[in-house]
Structures are given as structure tokens and as C-alpha cells.
Amino acid sequence: MLGYNEMMKRIKPSVVICYDEPFKSMTGNIKEFLPTTYEWTKDLSLKDLIQFKWEKHNRNVSGLDKKDFQFFDYDDPYVKDQMVKCSICGSVALQDQYGNGECKNCGWKFSKDEKMYEEKMGISYPMLVSPTTAREQYKKGLPFKATFEEFINGMKFYSEMTLTYKNKIYGVFFYRDKTLKAKTFQEEDGQVEFFEDTVNSSLVKFDNVSDFANKANINGTLLKELWKDVSFAGFMYCG
Ligand SMILES: [Zn+2]
């Protein structure tokens, strides 16, 4: 859009003739016309034309119903219809065209960059726990859960984390020091806040990630020591 905005500023056109559908962010006096392949739509009734435009606009949107489309063949772009081998349990898992998927057998959720996430950051997305740890846990019949170290790794990447311990939910916020030049995921400098959800008085601040990893505690027991009893550990807003 930068080029478009600059064009609007410099040329100040009285009209912009737009081939096919304009983007929402385009400003100015826009006259859109449909490509010649859609010329036949000029014979449609207004109601059908509105339907046609809706379909044309939404045909790449995920989660819609095929039955709502009359003019286009609708294929959900995020439908998981490719079979791959689950990297954790070895069963058949399903992924979408972008390589994001799920294994119904073991419950593993994965992204196409699984190897990169593990190698560079020691985590996975969207599960947090690394595939190597997940494979060990699967073999032992344990549920997937990030180790304390992986939780710390995740913190550097996701910044906002959550964990559940004895049915209480805790939050961890990592405020990276934005004045630092090196912006790698390993960058540890920045304040960390640790708190029990909805309990304002529980807020404790730490100087940096290592300080948090070494000193964070719940009622006097270090977080790293009670980790085995943590029932859930993930980043916030993970689905
Ligand atoms: Zn699996």
C-alpha cells in the first residue's frame, strides 16, 4: 500500500480505475471493473450480482460452507486434507496446504517449521513442548507438557506465558528491553512479571529471564522444583 499511498499523494488522480476488486485500504475515487472473464455477470440480477461479489470476495476465506457458493467452487484453504506421518507417534496425521496440522492419534499439533522452531528456539508451535520431549512423553504415555527449560525458551519468543499449578492459573510477562540492538530470541534482558491470575497482590518482578528462572516461586517453593506438578504450561492465547 505504500506505493499506492505515495501515488495518491503525488499525482492526486481524480479517478482510480481499478482492475478487479479494490483493497479495502485503497483511498480515492475508485471505479472498479471486473476482468473480462466475468463479463457475463453484467446480465445478473442485482441480487445475484451481490451474491457473486460476496462469493468472489470470500472464496479464499476459511471455514465457510460450500453450499453457500453458487458461482465459485469453494475449497476451504485451511482444510486439512494432506496425509503426513506424525513426527511424534508415527501415525497418519493430516495437514493443510501450508503444512499446519494435527494428529488424531496422539494429539500433536504442528506447523511446517517444526524443525526450525526446535533447532533455533528449543520449542514448538503451537504446542510449546519441543518434538524431542514430546516423543519421550508419548513413549511413556504421558501428556504433552513443556519442560521448565522449554517454558523459559518459549518466554523469550512469545513474551506472554501461562501455567496452571494446583488448579490456579499463573501468568508470566516478559518485557524485552527494546533499546537493545541485538534482537535475537535468546535475548534475555528485560523485566519479567510473575503473578497469580486475578490476584493483584501476587505480582512479583524479576530483573531478567535468568533471575526469573532461578528465583520464581509459589509459596516459597521454586517454580523449577514444583514444575512436575504443573498441569499446563503454554503461551497465552494459544489455541
Ligand atoms: Zn501423532
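The following paragraphs lead through a predicted model of a protein, from its overall form to its sheets, helices and individual residues.

The protein contains seven helices and 13 strands. Its radius of gyration is 25 Å, whereas the globule rule gives 18 Å for 239 residues, so the protein is more spread out than a compact globule. Taken along the principal axes, the box filled by the C-alpha atoms is roughly 75 × 50 × 35 Å. Of the 239 residues, 18% count as buried. Among contacts with a separation of 6 or more, 28% are between residues 24 or more positions apart.

The domain assignment divides the protein into domain 1 (2-68), domain 2 (82-139) and domain 3 (148-235). Between domain 1 and domain 2, the distance from one C-alpha centre to the other is 39 Å.

The description turns next to the loop between β1 (16-19) and β2 (30-33), where D20 is placed. The phi of D20 is near 70°, a positive value in a residue that is not glycine. Most residues other than glycine have a negative phi. D20 counts as exposed because it has 11 C-beta neighbours inside 10 Å, and the cut-off for an exposed residue is 12 or fewer.

Two sheets can now be considered in turn. Strands of a sheet pair through backbone hydrogen bonds, either parallel or antiparallel. One open sheet consists of four strands in the order β3-β4-β5-β6, with antiparallel pairing. At its edges stand β3 (82-85) and β6 (109-110); each has a single partner strand, so one side of each is left without a neighbour in the sheet. The pairing of β3 with β4 (residues 92-95) is antiparallel and extends over four bridges. In this pairing, M83 is found opposite L94 of β4.

Beyond this sheet, attention passes to α3 (114-121) and α4 (131-139), whose connecting loop holds P126. The peptide bond that joins Y125 and P126 is cis, with omega about 5°. Most peptide bonds are trans.

Which residues of α4 are buried? They are P131, T133, A134 and Y138. These four residues cover an arc of only 155° around the axis, and therefore lie on the same side of α4. The elements that cover the buried residues of α4 include α3 and α5. After α4 comes G141, which has a positive phi near 75°.

The other sheet is also open and has five strands, in the order β10-β9-β8-β7-β13, with antiparallel pairing. Its edges are formed by β10 (204-208) and β13 (230-235), each with a single partner strand, so one side of each is left without a neighbour in the sheet. From one strand to the next, the twist averages 15°. Strand β9 (residues 189-196) runs antiparallel to β10, and four bridges join the two. Within this pair, D189 stands opposite N208 of β10. Helix α5 (residues 148-158) packs on the sheet, where it touches β7, β8 and β13. The direction of α5 makes about 145° with that of β7.

Strand β7 includes L163. Is L163 buried or exposed? L163 is buried, because 22 other C-beta atoms lie within 10 Å, and the cut-off for a buried residue is 20 or more. Apart from neighbours within four places in sequence, the residues in contact with L163 are Y170, V230, F232 and A233. Another residue to consider beside L163 is G234: the two are 71 residues apart along the chain, yet their C-alpha atoms are separated by 6.4 Å.

The loop between β7 (160-165) and β8 (168-176) contains K166. Although K166 is not a glycine, its phi is positive, at about 50°. With 10 other C-beta atoms within 10 Å, K166 is exposed, whereas L163 in β7 is buried.

How values were computed: Residues are numbered from 1 along each chain as its sequence is written. This is a predicted model: local features need pLDDT of at least 70, side-chain atom pairs count only at pLDDT 80 or more; totals for chains, interfaces and linings use all residues. The radius of gyration is taken over C-alpha atoms; the globule rule is 2.2 Å times the number of residues to the power 0.38. Two residues are in contact if their C-beta atoms, placed from the backbone, lie within 7 Å. Two strands pair if DSSP finds at least two bridges between them. Domain bounds come from an automatic or database domain assignment. Axes are lines fitted to C-alpha atoms, for helices over the stretch in contact, and angles run from 0 to 180 degrees between N-to-C directions. The arc is that of the directions from the helix axis to the C-beta atoms.
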